[in-house]
Amino acid sequence: MNVQNNKFALLLAAGAVSMALSGCGGSDGSDGNPGEPGGPAAEYINTLNLDVTKVAYDNGVPTVTVFATNEEDLPVIGLQDLGLVAAQLTPMGATGAGNSAQWTRTARVSGTQNYTDNKDGSYNFTFEVNGLNQELTQRYNVYAGGKDSTLLDGVTSVPRREIVEDFDGYGYEAKYTKDIVTHETCTACHAEGEPLTTRHSSYYTQETCATCHSSSMSTESQWNHLIHNIHNTAKTFSDKYGKEYTGKAAEHLLQNNCKSCHVESEELAEWGNWSRVPTMETCTSCHADIDFKAGKGHSQQNDNSNCVACHNASWTEELHTSSFGDTKALIDTYGINVASAIDTTTQAATVSIQVVDAAGNAVDINTILPMVQRFEIITNVGPNNVTLGYGGKDSINAIENGVLNAAAKVEEGKLVYTTTKDLKLGAEGADDETAFTFVGWAMCSAQGQFVKCDDADFDGEDTDKYTGMKADLAFATLSGKAPSMRHVDSVNFSACANCHSTEFQVHKGGHHAGFVMSEQLAHTKDANDQPIIGVDACVACHTPDGTYAGGGNMGALETKLHKTHSQGDYAVIPGMNCDQCHSDFDRDAFKKKGAIATANPNYSGSLYTTPIAATCASCHSYNMDKFKAHVEGQGALVNVSKAEATDAAQLETCFYCHAPTPADHTAVKM
C-alpha cells in the first residue's frame, strides 16, 4: 500500500501531537463530538473547500480521501452531492510520434452509496479504475454542491466547488501533468461561480471539462479540438440537445487572438503547448477547410509525426499572434490630447486635437495627415441626461482618407474644428451647460505599418486597411467653470478590457473609426491615484433618445450595454454576473437622468420609460406585462410619451425597497 499525504494532512498530524501534549497538561480525555477533533462541524457553508488529502492503492484499486471545509476551515459533514472523475495522462508521443499528451477518463463515481462519510470532514472513495497504468500521472477531479444542493440535513445549502489534483501512479506528487490554461484565465470572461455553458449547467471549471472531454471521445468532442471550436466561427455545430454553437460572440470578443487564453505563466509548465505541439486534431478546430488525410488545403499526411518539421514553436506562434502584436504596436505609436472651449457669443465649441507620440511629445499633424483614415469628432450636450440626441449631435469626419475637411483646419500642428450645430447650452452649473466632445481616429495601415491612404472614396468597410487608434474626451462649459461629468464609478473600462482586451477597436467598420479606449479617456482617479476609464464617452451617440433606430433597439447606453451582453448573437457567457462589469451601482446617478427611449413600435416616434425602470427592462423584459405591472406600482411609467416619462422620471420609488449591488442585484431593504 502506498500513501501520499499533503500539507493539510500534515497539519492534522501536527494538531494531533499538539492535542496529545495538551492532554499531558490536564485534558479531560473526552473523545469530543462528531466533527472534532479540531473544533465543531460547519453549520453553514458560504465557500466550500475541497482537497484530496490521501491516495492509497491496494492491488491496483485506489482509495481517495477528500477533505471538505467551509470558509472558516471547519469540517463539512454530510455532503450528499459529492462526485469524482478519475483520469490518467498518456504522455506526448506515447500513442504516436507528434501526438499530444492526452487525458483518458478511467472512472466516474458519485452518490452517497459510492463513498464513505467519515463524519470528520473526510470522505473515502474506493473504486475500480478502467485500464489503470500506475506508471502514468493520475488525475482526480472532485466536485460537490451546486444549485439546490444541501447537506443530508436537507437545510444547509452547499455551493458548487470543483477541483483537480494530479498524482503519480503510486499516490505521490505528480512528476508530469498537462496544465495549459488556468481557471482564472477563463473567468476573465466567464463568470466565477457560474456554469461555463448552458450545455453542462453543472460544471464550472475548464479543468473539469478537460478531464471528461478526453481521448475517450470522438476528435470533435475532445477538449483540444472542442475548446477552439466553440471560441470561433470556423465551424458551427449542434449538441445532442439541438443547441447550436456558432462561436460568434466568442470570436467577436477574442478576435481569434490565441494569447487571449494562452497566457504565459510560471505556474503552468505546459502553457506553451499550443504552439509547441501542433496536431491535426487541434488545428482542424479552427482550420475547418483542411482535410489532412485527403490532402485538401494542406499537404497530405495521415498522422502528426511530421507536423513540427514545418510548424516549429516560434513559427507557429508568429503565424497566430504577429498581427495582434503589430496592431498593438501601431496603436501605441500615437495618442491624442483633446481640448474644447465655448465661444460665449456664438455658444459654439472649438475643439483642438494634438497628436502625441508614445513619449507624449507633440506631433505636427501635417506629418501624418496623408496616412489618417479619419478623425471623427462628436459633440453633444449634458453628459448625464444628453439633450441633443443621436440626430441632433454635432458630428464630422474632420479628416477622411488623408483629406482635410473644409470645415476643419490645422493650426500650429493641431487639428481644429468649431461646431456648426446649435448646442442649446443651459444655465451655469446645469448638466446641459456642459458640451462634451468624443474624438476617435484611425490610421491607414498594411502589414504592420502605417501607409498612405490611396483611395479618397474608401468607406471604411474593409477593416483590414486601417487601425483604430486611442480615443479621447473633452468637456467645456459656457461659463468657463467646472463642467458636469457623468459618473464613472459604476463601470471601469478595465472591466471591459478583461474580455475585449485593451486593443479592442469598438465599432470598427463603415460608420466609425474603431475607438480604442485608453488611459487618455480618464478624467478622474481612484483611491490609489490610478486613472479611471469609464464608458461615459459612449453617450455622445448612445443618448437617452436611442441611436439611429430610436427606442427600437434600446440604443441608450443604460439599456444597450445590458441588451448587447445578454441577448442575441453577441450575448456573452451564460450566467453573466453584474460584478463582472460593475465595480459599483451608483444609484444616485439616476437623480440626474430623465426619460429613456425603450420602444419604437412603428418608427413614427419612440416610446419612453422612466430611467430606473428602463435600465432594469433591458434585462427583465422577458415578461414585460409582469414587469410593467410591478414597476408602475412603484411610480414608474413604461413605454409612454417622452413628456410623460420626463415628468415622472424622478417619481420612481424603486430604491425604497430595492438596494441592488453588483454582487447581488436582487438585494432588498428589510
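The buried residues of helix α9 are covered by elements that include α6 (273-276), β12 (334-342), β20 (434-446), β21 (449-450) and β22 (466-468). The model is a predicted one, in which local features need pLDDT of at least 70 and side-chain atom pairs count only at pLDDT 80 or more, while totals for chains, interfaces and linings use all residues. Residues are numbered from 1 along each chain as its sequence is written, and side-chain values use heavy atoms, with hydrogens and water left out.

Helices (H or I, at least four residues) and strands (E, at least two) are DSSP runs, numbered from the N terminus. The residues of α9 that are buried (under 20% relative accessible area, with exposed over 50% and partly exposed in between; 1.4 Å probe, protein chains only) are Thr316, Thr321, Leu330 and Ile331. One of these, Thr321, is also the centre of a kink of about 55° in α9; the bend at a residue is the angle between axes fitted to the seven residues ending there and the seven starting there. Helix α9 (residues 313-331) has 19 residues that should span 27 Å at 1.5 Å a residue, and its end C-alpha atoms, 27 Å apart, agree with this. The expected span is 1.5 Å times one less than the number of residues.

Turning to the cysteines, a disulfide is a pair of cysteine sulfur atoms within 2.5 Å, and one is counted by this rule. The partners are Cys444 and Cys453, with sulfur atoms 2.1 Å apart. The torsion about their S-S bond is about 110°, so the disulfide is right-handed. Both Cys444 and Cys453 are buried. Cys261, by contrast, is in no disulfide, its nearest cysteine sulfur being that of Cys186, 6.5 Å away. Cys261 counts as partly exposed because its relative accessibility is 29%. For Cys616, the closest cysteine sulfur is in Cys654, and the 6.2 Å between them is too far for a bond.

The largest nonpolar core (buried Ala, Val, Leu, Ile, Met, Phe, Trp, Tyr and Cys residues joined through side-chain atoms within 4.5 Å) has 30 residues, and those with the most contacts inside it are Leu79, Leu84, Phe125, Phe127 and Tyr140. Strand β2 gives the largest share of this core, four residues. Contact means heavy atoms within 4.5 Å; beyond its neighbours within four places in sequence, Phe127 is in contact with Val61, Pro62, Val64, Leu84, Ala86, Ala107, Val109 and Tyr140. Another core, of 27 residues, lies apart from this one and includes Tyr334, Leu369, Met443 and Ala474.
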